[in-house]
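Let's take a walk through this one together. Have the sequence and the model open side by side, and we'll start with a single pair of residues and work outwards.

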Amino acid sequence: VSRFENVSMAPPDPILGVSEAFKADTDATKLNLGVGAYRTEDLQPYVLKVVNKAEQLMLERGENKEYLPIEGLAAFNKATAELLLGADNPVIKNGQIATVQGLSGTGSLRLGAAFIARYFPGVKVLISSPTWGNHKNILSDVGVPWSEYRYFDPQTVGLDFKGMIEDIKGAPNGSVILLHGCAHNPTGIDPTPEQWEAIADELEEKGHMPFFDVAYQGFASGSLDDDASSVRKFASRGFEMFVAQSYSKNLGLYAERIGAINVILPTADLAARVKSQLKRLARPMYSNPPVHGARIVANVVGDSVLFDEWRAEMQMMAGRIKGVRQKLYEALLSKDKSGKDWSFILKQIGMFSFTGLTKSQSDNMTDKWHVYMTKDGRISLAGLNLAKCDYLADAIIDSYY
Ligand code: PMP
């Protein structure tokens, strides 16, 4: 008898499991709106041209594959912090930031969470309700206690700002508040600049620490600077805070696993100490990070010509998503005779639309219409094209009523 006999079958991942089910479907009309990965108008995966150019450069230079230091590629770490905060930010000038290259957004969040578990034992992390599903797993697996703050209001299909503030107020002083820097996943609803200010006031009042998850910089508005404004606001107010970054979406480097964890601190001395401890956490987990994606980012951000090309491609991607958002909205409006207000679709930003479809309605989308999506009612508009908007609108209306 096997010693593994009491190992039960794990449930499929709520997001990545959708792709597995999609692959198994043989229907020609099938549509994968599950995972948040950019597709072209032909619904094909897209490698950014600027990434190809950076890789060409790397090949010509004949760079080696030696181990990186534990903290990652120095040129990447510099570039990623500058992209986040702006190169002339005093936090960077004064060396008040500890940046460690991570295994994309997920690995960077995990490193930050491991730091919290080690140095702030018992401190609770508050996450939005709803949030990206993996946040809970990441925190639970390192033993960090978490609870939720209200975020989404189904009535208005908007932000429950009052509830959010009440829950931040109600959390024990000195809690960590996990915030999505921009393009909130799954709702596509971000606080306004005024609301961000009020959130910062509340965190300050309570001695809470922000932990920003920045997975879509440049993808919400098409502008890298605008999408970092929430983080920059908190940094300029002098918060100590964590910021996780990912290049999966904005540079399309999903499988390269490139991102970073940053900790912003009041002094350079503290930044050096925190960085040394982040390295100590990383070493037994994966020793040191992969080099390929780090070199791509460093080359693109560090070269003004490539950087401009990147920004143009990002605007193109963000623009295509905005285009299908508009088309889907118009299709729903013309097909749905109930008078329902679909304008929330236009107000949401980023890759996703939070449709308000329930679990059983989402099941109908998949079972009857072969539209694959997460069961919380989220659809990835990055996986939709103009040609399929009418079909999707039919599926949504059929499932809704
Ligand atoms: N945070 C959020 C909110 C996300 O949506 C994602 C990607 N879906 C991530 C983090 C991390 O993704 P990755 O590990 O691919 O960078």
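Which residue in S4 is the bridge partner of Val125? It's Trp146. Keep in mind as you look that this is a predicted model.

That pair belongs to a bigger pattern: strand S3, residues 125-129, is joined to S4 by 5 bridges, and the two run parallel. As a reminder, strands in a sheet pair through backbone hydrogen bonds, in either a parallel or an antiparallel way.

Now zoom out to the sheet. It's an open one with 7 strands, and reading across you get S2-S10-S9-S8-S7-S3-S4, with mixed pairing. The edges are strand S2 (97-103) and strand S4 (146-150), each of which pairs on one side only. Ignoring direction, neighbouring strands are turned by 25 degrees against each other on average. Helix H7, residues 161-170, packs on this sheet and touches S3, S4 and strand S7 (176-180). The direction of H7 makes about 145 degrees with that of S4.

Next, the ligand. There are 13 residues around it, and the ones that come nearest are Ser104, Gly105, Thr106, Ser246 and Ser248. Helix H5 (residues 104-119) gives the most to this shell, with 3 residues. By character, the shell divides into 9 polar residues, 3 nonpolar and 1 charged.

Finally, the annotation. An unreviewed UniProt entry gives residues 29-396 as "domain: Aminotransferase class I/classII large". In the model, that span is 47% helix and 15% strand, and its end C-alpha atoms lie 15 Å apart.

Technical notes. Residues numbered from 1 in each chain as written. Predicted model: local features only at pLDDT ≥ 70, side-chain atom pairs only at ≥ 80, totals over all residues. Pairing = 2+ DSSP bridges. Helix = DSSP H or I, 4+ residues; strand = E, 2+ residues; numbered from the N terminus. Axes fitted to C-alpha atoms, helices over the stretch in contact; angles between N-to-C directions. Contact = placed C-beta atoms within 7 Å. Near = placed C-beta within 6 Å. Nonpolar A, V, L, I, M, F, W, Y, C, P; charged D, E, K, R; others polar. UniProt positions renumbered as here; feature names shortened; annotations may be inferred.
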